[in-house]
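Visitor: I have a structure on my screen and a handful of labels I would like to understand. Could you take me through how such labels are decided?

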Amino acid sequence: MRFKPGVVLLLFMLLILLTVGLAAYAQVEGKRALSYEDIMRFQEIRNPVISLNGEWVAYALEPGRGDGSARIYSLQNKREFNVERGSRPVFSEDAHWVGLTVKPRALDLARADSKDKPKQGLALVNTKTGKIVTYEKVQNFFFSKDSRWLAFQNYAEKAKDKKEKPEDPSKEKSKKPEKVGSTLILLDLSSEEEIEIPYVLKYSFDDSSRFMAYVIAAPEGRDNGLFYVDLNEAGGVRKPILQKEMTHITQFAWSKTGSRLGFIAGVLGGQEKEVTLWVWEGNTDKLKQAVTSQHLPPNWYLPEKNPIRWSKDGERLFFGFKPEDFRVEEEPEEEKKDINAEDLFDVEKILDKSEVDVWHWDDPFINPHQKNMWPRVKDQTYPAVYHFSSGKVIPLADLDMPQIRTNDNPDYALGLADTPYRKLVTWYGELNDLYLVNLKNGARQKIVAELEDRPSFSPEGRYVAYYQSQHWFLYDCRSGETRNLTADVEVPFYDEDHDSPRPVPGYGVAGWIKGDSAVLIYDKYDIWSFPTHGGSPANLTAGKGRAGAYTFRILNLNRDEDFFEPKGRLLLSSYHNQEKYWGFYACQLGRPGVEKLLEKKKRFRFLAKAKEADALMFTQESYEEFPDLWVSDGAFSSPQKVTEVNPQIQDFAWGKAELVAWKSVDGIPLQGVLIKPGNYQAGTRYPVIVYYYRFFSQRLYEFNQTVINHRPNFPFYASHGYAVFLPDIRFAVGLPGFSATKCLVPGIQKLVDMGVADPDAIGLHGHSWSGYQTAFVVTQTDIFKCAVAGAPVSNMTSAYSGIRWGSGLARQFQYEQTQSRIGATLWERRDLYIDNSPVFFADRINTPLLIIFGDEDGAVPWYQGIELYLAMRRLEKDCIFLQYRGEPHHPQKYPNKLDWFKKMKEYFDHYLKGMSGPDWISEGQPYRGK
């Protein structure tokens, strides 16, 4: 084909302009790819707090590696104080002081011996002057409520090496190790005077700020006891509450009002029968024995390890007791004894050293579960209550009904009995019979049997709301009557997206109206008010949620109150189920409807409200916007951005997120998030990494945490020229693996049809549940160029009766009732277990597969990875198995996190971009004695 000279010149000029334009575009963009080091330097906001008066905000900044810092920021005059390595800031109530934990230097931690790690310290910041004072080796600190005092406790000094004295064989060894306290500093913040108290084990201010109580645990038990400082007296005179050699104070708690102190006291090396629950009245300096063994049922005792708690009015002190049969004595260290010739044939002495666990078919819990529960079970107590005014002691729980739930009403508690259903935990889940328990006499009345969900107890103790069989019920504690609240309401109150075999759960109780006059209950979208005295329910959000596809939820602005005022104004979060953006709304109790306060195509998270001011702290984020801190009034009239963390985001080719919709093979509407590469150009096709679990489309406006871990970091891959796809998966019971395939393949095809995805460069990544899906999907389709499966189940027939070693639970319940979604036992539907197991179809796998496991995985048995690896190896399929030594379900050691992260990138680069693979991909890595 020939062109006229004028056309040739025109084409040449256009080419020059295009070249210059592209160069200018590249220069303007100036975006680069994220490196591993870049990710390590990204910071996260930790422990944000707002002062009670709403004038100050404090927070910590922590990078992935290295030292962080803490910032204290004035919302009024914009002053800011910086504390190097500061974390966990705490304001005094008047906001004149901030205490912070000071972490050791990261380099010092890296250099230190594991047995001698450097200790944290304390920084004290004066917000009036900006003065910062630091203290070394501080394990904890507290302000008094009047903001006059700071108490902090040093770490105990290590005992110096001493020549061991020969033990007196006539003296019996103590069964309890001697506990020695450490130095406590009580600092008067106004005068800066310090009071030093040695050998303090624990301490606490009362709410009136008049007293500080503390426990002394001195060497060899001398001067042990419970003491107090009267903070109103000059000089901080220390006085005893209970002082006696070898006294052992294990628990103590102040009442919210009245300065009453309850505490448990025993004797070091003594018997549990010597344990007593005492009450000291600070205002009158009176001490009395509240509970001894004489107050308990026969063959029950008062243990030393015993959590105690006062009711808000200071009239009831809750404690625990336990049966003598459950007494666990701490045994002394066994002394080495010489073995003589006769001992070699002594049957009993030989059997004493046997190591065997008996797994009985009729055990309430299987043996590994018992072991996992043992640290809690051995110290478990059965709740009782001490009535301060009457002096009565009322047992509330027993072996048949071991759990008690209380609020601050004076009449009733709730009892939970799981004892009839403990075996079912193995294959079904937790069930409880629910009881109403009278606090004054211990009498109990069954409310409902076989309850799966958590009940809600009204603040004044008149009603109990509970969910069962897809409906909400209300029990009247006075009349004993129960009525169905939701039977005549046209909308469902059960989970509309439920897709597992277990009974459909509800959405929960939102709260109660003052005086127990109404209970607030959620459906998927709206908030309903059900009058407890009867009558029609009211839709507080006027159906705006369901009509507009919004989900409204109440944000609790005052956690000190357990009810809402009848005409109160409620702050709501909103989420648009189709468009995925968030906002803040308000509604008025007694006046149905909602008022929009703040709504953007962003993700908002409410953090806290200042207790004594109209100031709210929240975060705002999107895929491209880090969740910085914002502060606003309750009307969101002029939100103020407080932080500017990670401004370097603008330097990287971060990519952009958008919503994609398609239908599954079965015609089910689906959504997902497509993150386009940072330097995306329309018309160019890109390699794609698919990352998924169940629902991920809600992450459209979420900032992806920029850290090194086992997950693919979205901006990291986007900056390296990848598209990232986060699809939703809808499951059918009995067909979990097939469901994933039916959702994924049309989603991939959608990206290809959009012109974004290179159909020959699509990778699949999943971990745990989606690790299983990944392993299964590649047996069904060859659409993926490669796949990464982290901690996958490969054989449901063997995994079904495996153990989740982290919890000690058997895995059977997962398949019959929950995530694995088979919905039957192995013997009822062995066909489904086989059909959904990747290992039985490994011969169909044509996709290179990378399997990753920690060999101490407590959730998925790591031999599941070995089974699939060996099957593919036998079939001579492309498969690599990475075993991380000593790691659980997710890697915890930073070198392993980085290795895992880096190897994933190398794997995808090799198969999706055609880069030459490192030796571990091309040749493997022979064992060399590690």
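Guide: Gladly! Let's start with pairing: two strands pair if DSSP finds at least two bridges between them. Please keep in mind that this is a predicted model.

Visitor: Which strands make up the open sheet, and in what order?

Guide: The open sheet has four strands in the order S29-S30-S31-S32, with antiparallel pairing.

Visitor: What makes S29 and S30 a pair?

Guide: S29 and S30 are joined over two bridges in the antiparallel sense. The cut-off is at least two bridges, so they count as paired. Within this region, Ser456 stands opposite Ala465 in S30.

Visitor: Why are S29 and S32 called edge strands?

Guide: Strand S29 (456-457) and strand S32 (482-484) each pair on one side only.

Visitor: What is unusual about the phi of Ser469?

Guide: Ser469 is not a glycine, yet its phi is positive, about 55°. Most residues other than glycine have a negative phi. Ser469 lies in the loop that runs between strand S30 (463-468) and strand S31 (471-476).

Visitor: Is Ser469 buried or exposed, and how do you know?

Guide: Its relative accessibility is 61%. Exposed means over 50%, so Ser469 counts as exposed.

Visitor: Where is Phe636, and what is its phi?

Guide: Phe636 sits in the loop between strand S43 (625-632) and strand S44 (640-641). Its phi is also positive, near 55°, and Phe636 is not a glycine.

Visitor: Why is Phe636 called buried?

Guide: Phe636 has a relative accessible area of 6%. Buried means under 20%, so the label fits.

Visitor: How many aromatic pairs are there in the whole structure?

Guide: The search finds 58 aromatic pairs. One of them is formed by Trp862 and Phe881, with ring centres 6.2 Å apart and planes at 20°. The centres are within 6.5 Å and the planes are under 30 degrees apart, so this pair is stacked. The pair links distant parts of the chain, 19 residues apart: Trp862 is in the loop between strand S53 (849-854) and helix H13 (863-874), while Phe881 is in strand S54 (residues 879-884).

Visitor: What makes Trp862 partly exposed but Phe881 buried?

Guide: Trp862 has 25% relative accessibility, between the 20% and 50% limits, so it is partly exposed. Phe881 has a relative accessible area of 18%, which is under 20%, so Phe881 is buried.

Visitor: Why is the pair of Tyr907 and Tyr911 called tilted?

Guide: The planes of Tyr907 and Tyr911 are 55° apart, and their centres are 4.9 Å from each other. An angle under 30 degrees would be stacked and one over 60 edge-to-face; this angle is neither, so the pair is tilted. Both tyrosines lie in helix H14 (residues 894-913), four residues apart, about one turn of the helix. Tyr907 and Tyr911 are both buried.

Visitor: How do you know that the charge of Lys903 sits over a ring?

Guide: The charged end of Lys903 is 5.5 Å from the ring centre of Trp920. The distance limit is 6 Å, alongside a limit on the angle to the ring normal. Arg260 likewise lies over the face of Phe388, at 3.6 Å from the ring centre.

Visitor: What makes Arg874 exposed?

Guide: Arg874, in helix H13, has a relative accessible area of 68%. The cut-off is over 50%, so Arg874 is exposed.

Key. Residues are numbered from 1 along each chain as its sequence is written. This is a predicted model: local features need pLDDT of at least 70, side-chain atom pairs count only at pLDDT 80 or more; totals for chains, interfaces and linings use all residues. Side-chain values use heavy atoms; hydrogens and water are left out. Buried means under 20% relative accessible area, exposed over 50%, partly exposed in between (1.4 Å probe, protein chains only). Rings of Phe, Tyr and Trp (its six-membered ring) pair if their centres lie within 6.5 Å; planes under 30 degrees apart count as stacked, over 60 as edge-to-face and the rest as tilted. A charge sits over a ring if NZ of Lys or CZ of Arg is within 6 Å of the ring centre and within 35 degrees of the ring normal.
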